[in-house]
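Please look over the notes that follow alongside the sequence and the coordinates. They are set out as separate points.

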Amino acid sequence: METIRACSIWRALEVIGDVPVLLVLEQSFLGTSSFEAIVEKTGLPRSVVSDRLKKLVAEDCLGKNVARASRRAKYQLTEKGRDLFPIALAMLFWQHRWETGKRKFIVRIHHSRCGRSIEPRPACDHCAEEIKAHEVDWKPGPGLAQVAPDYSRRRRPSKSITARREGGALVDTLIGIFGDRWSTLIVRAMFTGIHRFDQIQQDTLMASNILSGRIDELIESGILCATLYNDHPPRHEYRLTGKGRDLYPVILGMLQWGDKYYAAEQGPPLLLQHRICDKPLTMVMACSVCAEELRAGELDFSIEAITGADIEANAAGTNTAKRKA
């Protein structure tokens, strides 16, 4: 039986690596709790919403409460579900840096603790410096092992589900990428130093046609770039662009969540070290103004029409990120 290395990201993806699940969780973070409201705001078929709510309740990410008066169920985030919040904020961090000018709206975030309009920022819990992938070292952890993957079958939703959502709070590009298990595993491979087609296939046991298609999509999205390393026959290495490297906080958030809830008894498969402070790495999504850790109950979100100033500010931030890269 073929095996792959144990990975907390892979385990997390078995729960949240699905577009409808991410859309339902998005609404839960925004305070939507009734079945009818979730159907209306996600635009998903009722049967799909029902199935994903059952799955999230079974995984203890949502709790289901039935009011006696109306007999209608309300779905509330559990502690395990709230622990997914840093992943959502990491997506917003990426969205504001790379795709502000591509949509008609922007998500404003107000932090009640400092009373300011803020941006989420991926920071080291020890030194408070912004986390960058090239400043993180990793080594095998006590839970590292070879496991036989049990990839649950799931139908990939049509792109229309994400493409048509004009009023969503999370960036549609990221819902499409991280809602697809295979695309996420390719990005994960890049961050662990795996760059060639056959190596990625060995690391994930992905079918060659699926791997080829997802690589093409990630290149088209500007997440990956290809470099020819052999002429006859032509062979390419794949590397993350600056846009792709800024996905690291999302990957790190999935890793930490998977470590907390799905790691083996021996411990996590990987141990991360922040080179800047030489401490074990724990990421928090911090306030860009007061530097405090951002928590779900302390943030208010509003969706506003995009302005020229927003586009200019985003362009300046993106150019800075490119220069640093």
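**Notes on the predicted model**

1. Tyr229 belongs to strand 9, which covers residues 224-230. The model is a predicted one. The relative accessibility of Tyr229 is 34%, so the residue counts as partly exposed, because that class lies between the cut-offs of under 20% for buried and over 50% for exposed.

2. Leaving aside residues up to four places away in sequence, Tyr229 is in contact with Arg196, Arg235, His236 and Glu237. One of these, Arg196, lies 33 residues from Tyr229 along the chain, and the C-alpha atoms of the two are 9.8 Å apart.

3. Helix 6 takes in residues 85-98, 14 residues in total. From its first C-alpha to its last it reaches 20 Å, close to the expected 20 Å at 1.5 Å a residue.

4. Of the 14 residues of helix 6, 12 are buried, so the helix is largely enclosed by the rest of the structure. Among the buried residues are the aromatic positions Phe85, Phe93, Trp94 and Trp98. The buried set also includes Ile87, Leu89, Met91 and Leu92, along with Ala88 and Ala90. Gln95 and His96 are buried as well.

5. Strand 2, residues 62-66, pairs with strand 3 in the antiparallel sense, over 5 bridges. Within this pairing, Lys64 stands opposite Tyr75 of strand 3.

6. Which residues of strand 3 form its covered face, and which its uncovered one? In this strand, residues 73-77, the covered face consists of Ala73, Tyr75 and Leu77. Lys74 and Gln76 make up the uncovered face. Tyr75, the residue opposite Lys64, is thus placed on the covered face.

Definitions and conventions: Residues numbered from 1 in each chain as written. Predicted model: local features only at pLDDT ≥ 70, side-chain atom pairs only at ≥ 80, totals over all residues. Heavy atoms only, no water. Helix = DSSP H or I, 4+ residues; strand = E, 2+ residues; numbered from the N terminus. Buried < 20%, exposed > 50% of the residue type's maximum accessible area, 1.4 Å probe, protein only. Contact = heavy atoms within 4.5 Å. Expected span 1.5 Å × (residues − 1). Pairing = 2+ DSSP bridges.
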